[in-house]
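Visitor: I'd like a close look at just one part of this model, please. Could you walk me through its surroundings?

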Amino acid sequence: MSRTRTRPLWAHGCLCAWVALLVTAGPVLAQARPEQAKAAAAQAVYRGLFGDPVAPIGPARVGAEVNESEPNGSLSDADAVEVEDVAVGTIDPAGDQDFYWFTVGEGTTLEIDVAARRIGSPLDPVLRLWSPAGSMVAYNDDHYGLDSRIVYEVPRSGVYAVSVAGFGGEGGPGYHYRLNLGVVAPGPGDPTTIFATGFTGPWGLAAGPEGRLFVADLVRSRLQVVGSDGEVNTLAENVEGLFDIAIDGDGRLLATLLTGSVVEFDPETGAMETFINGLTRPTAFAVGLDGSLWVAESEGFTSFDRSGERIERLERSESEGETVISMAVSPAGALHYTTERQRVYRVDETEDHTVIESGGVLEGLAFDQDGYLYVADGMGRVDLYDPSYALAVPVVARSNLGGPSNLVFLRDSEGHMTSRLLVSNWGRGLEPPYRGGIVELDLEGVRAPGFLAGLDYLRISGAEAEAVMGAPFAHQLEAEAGVSGVSWQLEGGELPPGLTLIAGTGLVEGIPEEAGSWTFRIRAEADGRVGRARITVTVLEPVVTVASIANHLLGVVGALTVDHERYLDLRGNRNGRLDVGDYLLFRAGGASTVSLLEPIGREE
Amino acid sequence: MSWIKKGWSALILAGVIAGCSDEGSDPIIEPPVPGIVVISLSTTNVDDGAALISVTGPGLSAVQSASGSTEIEWRLASPNEIRAIVMGDLVTGPILTAQAADLRRLSEYRGTVEEVADRDGVLRAGLAGYAVTVVSQSAPGSGG
């Protein structure tokens with residue numbers, strides 16, 4: 001008995017289909033039934049975007065190849081194998097099951113992978129894992145397309161068994177399979193830890209100044225930001241066609257929209273403006289060494305200068321027809337990219353070449369400062385290649401990872417690149433918080449800080465300050481050391497009332513007239529470099545007692561400072577001096593009666 | 001000295017002698033008469049919310065509100081001056097009472113309106129129409 005599975009159009013990885021899906025169906029699915037739809041939409045968008053994943057046929061094999069020996073259709077007559085062996089067998093006739101037993105130690109993480117469709121077999125295999133007590137402890141159907149995979153951490157040592165069967169009892173001559181009993185060895189970047197979670201389809205990642213991380217959630221069509229404290233906030237929602245994001249050499253937060261444009265977001269308010277339009281289904285993009293912006297369109301790459309003017313166009317040949325999903329520029333200035341295939345491509349002058357070929361779908365790319373390339377594959381693994389594209393570390397990390405996965409190096413609070421390498425998890429085979437999460441590799445597994453392509457934007461310090469309402473305030477913004485002749489301007493948001501920015505000095509000064517917290521964006525420019533920073537000034541109210549105000553009005557010299565007088569007038573009737581009207585308003589504002597500075601009479 | 005000058009001198013001397021010889025007794029010093037004074041506000045507005053006033057006069061102390069609907073803060077700026085903040089729905093009429101050292105010198109007690117704000121806290125730009133009067137509590141119409 002055989003079964004035919006009808007794959008929807010978007011499951012074929014067709015560019016037109018997934019673009020259409022992302023632009024229309026994704027957000028609709030996500031809104032219909034929030035939780036269920038989230039997973040379904042993520043999977044749908046995933047398949048639409050990346051196609052059915054194609055994996056290597058099992059991890060690298062170090063054990064023996066064992067042929068099944070019928071009868072082996074039950075636990076009691078299972079064939080003996082050892083972990084890291086490969087068992088080769090056939091599900092024949094229909095209804096057949098093949099069992100294998102093996103001994104494994106506590107704490108071992110098994111990766112059991114059955115390949116059938118990937119080796120040309122008609123079998124749709126189902127995997128089951130059995131405990132020493134004979135109970136089923138893990139099950140999977142369809143991980144690599146119709147092929148199945150189980151990852152299981154063994155809780156206690158003993159004799160376990162794994163069985164292979166055909167979906168729905170299918171089988172027959174030619175229903176071959178290869179069963180790989182792999183062991184997951186941790187990489188130097190394991191274990192990974194959660195950096196942030198709660199996303200649905202996190203893809204585009206951009207490390208912002210002040211240690212913030214911007215995340216483009218493709219399924220939810222929204223732009224989110226993770227603060228240095230791990231708190232996730234939504235900057236913009238219903239961003240139609242949102243795909244990739246980046247911070248360019250001028251500190252702008254840019255995003256590609258599949259609908260045909262690159263837009264700039266205000267990183268504080270989420271307000272969106274068009275930066276480049278007239279593009280053909282732009283997907284990934286990257287900043288070049290000279291600060292230019294390379295945008296992947298459906299058939300090639302187009303570069304733009306820092307003002308968004310078109311520079312040149314390169315057609316793709318090696319990856320013609322494939323969709324570019326991730327791009328990165330090496331320290332040597334070469335543009336690298338991945339598609340929904342198993343390769344990393346490099347663009348040399350006018351042609352592209354395959355430089356890395358792997359068994360798994362290769363997705364996210366990130367160069368470190370020495371030109372080593374971290375590559376995330378869709379199967380939940382991060383590998384490291386040296387500058388000559390030789391595999392330097394086969395598995396840097398594999399824990400808590402599930403594709404599609406993108407990569408990004410974080411910046412620190414001053415904007416410097418760090419060795420903190422993050423991986424986004426769309427979440428194949430994972431559960432929350434890892435599914436829809438972003439994990440951080442163990443620092444021990446990351447060899448150097450990330451490479452910052454493009455012009456490094458001017459770093460600005462002085463991001464936070466406190467002022468007191470009514471008191472003279474001065475806060476000096478500083479560009480990085482060695483940079484002079486900086487011009488400053490307010491680019492977004494508002495300064496606290498009463499304060500001004502001195503364009504020639506970067507001094508924020510004045511007398512704050514309202515209490516509260518104000519966040520605004522500053523743009524600084526010097527020698528062709530531009531920096532942007534988010535500045536927060538918190539204006540506090542001074543502590544003033546009812547008694548001191550009364551005493552002042554009643555003639556006690558020194559009961560209040562000049563700053564306090566100004567503050568009280570600002571929160572009162574604002575006529576330029578402290579008077580009985582301000583006192584009335586202060587009392588009306590809920591100020592309590594306290595002991596008086598001077599012995600005065602009082603009656604209520 | 002002419003005879004005219006001599007005549008004036010004699011007259012002055014006679015007058016001095018007559019003045020000092022008033023039956024030959026010591027001068028009488030009247031004791032002060034302490035009491036309560038009532039301090040009243042006059043206003044032409046109907047939405048006054050607070051006023052700062054000062055009252056000067058001999059020996060003022062023990063200020064109290066003259067109305068249950070107002071609240072006061074007061075201070076002795078000197079032995080002869082009180083300053084007070086009066087808050088509430090102010091209308092024409094008594095606002096404060098105070099202990100006065102000598103009611104015989106009632107005419108020396110004077111009040112001044114220094115600031116007035118409406119009930120929204122807006123300071124009155126001018127004080128025309130405002131006045132503070134001080135009367136003895138026993139006086140007719142003092143309200144005391």
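What covers the buried residues of α5(A)?

Guide: Before we zoom in, note that this is a predicted model, where local features need pLDDT of at least 70, side-chain atom pairs count only at pLDDT 80 or more, and totals for chains, interfaces and linings use all residues. Residues are numbered from 1 along each chain as its sequence is written, while chains are lettered from A and ligands numbered from 1 in the order written.

Now, α5(A) is covered from both chains: chain A brings α3 (546-553) and α4 (562-571), and chain B brings β2 (48-56), β5 (81-90) and β7 (110-118), among other things. (Helices are DSSP runs of H or I, at least four residues, and strands are runs of E, at least two, numbered from the N terminus.) The helix itself spans residues 580-588, and 8 of its 9 residues are buried, so the rest of the structure largely encloses it. "Buried" asks for 20 or more other C-beta atoms within 10 Å of a residue's own, with C-beta atoms placed from the backbone; 12 or fewer is exposed, and in between is partly exposed. On the buried list are A:V580, A:G581, A:D582, A:Y583, A:L584, A:L585, A:F586 and A:R587.

Look at the chain A side of the cover. The axes of α3(A) and α5(A) come within 10 Å and cross at roughly 165 degrees; such axes are lines fitted to C-alpha atoms over the stretch in contact, with angles from 0 to 180 degrees between N-to-C directions. That makes α3(A) roughly antiparallel to α5(A), a label for angles over 145. Where do they meet? α3(A) offers A:V546, A:I549, A:A550 and A:L553, and these face A:V580, A:Y583, A:F586 and A:R587 in α5(A). Contact here takes C-beta atoms within 7 Å.

On to chain B. Between the two chains, 21 residues of chain B are in contact with 20 residues of chain A. On chain B's side, β2, β3 (60-65), β4 (70-78), β5 and β7 each supply at least two residues. β4(B) has the largest share of that side, with 6 residues. So who is this partner? Chain B has 1 helix and 8 strands, with the helix coming before the strands in the sequence pattern α-β-β-β-β-β-β-β-β. Of its 144 residues, 30% are buried. Among its contacts between residues at least 6 apart in sequence, 73% join residues at least 24 apart.

Step back to chain A as a whole, and you'll find 5 helices and 44 strands. Buried residues account for 49% of its 604 residues. For contacts at least 6 apart in sequence, 59% link residues at least 24 apart.

Finally, the nonpolar cores. The largest has 86 residues, and the members touching the most others are A:L223, A:A255, A:F285, A:A286 and A:M327. Its biggest contributor is strand β16 (residues 242-247) of chain A, which gives 5 residues. Apart from this core lies another, of 65 residues, with members from both chains, among them A:A559, B:A51, B:I72 and B:L90. (A core here means buried Ala, Val, Leu, Ile, Met, Phe, Trp, Tyr and Cys residues joined through C-beta atoms within 7 Å.) Back in the largest core, the neighbours of A:L223 include A:F214, A:A216, A:L235, A:I245, A:A255 and A:F265, leaving aside residues up to four places away in sequence.

Technical notes:
Angles under 35 degrees count as roughly parallel, over 145 as roughly antiparallel, 65 to 115 as roughly perpendicular and the rest as oblique.
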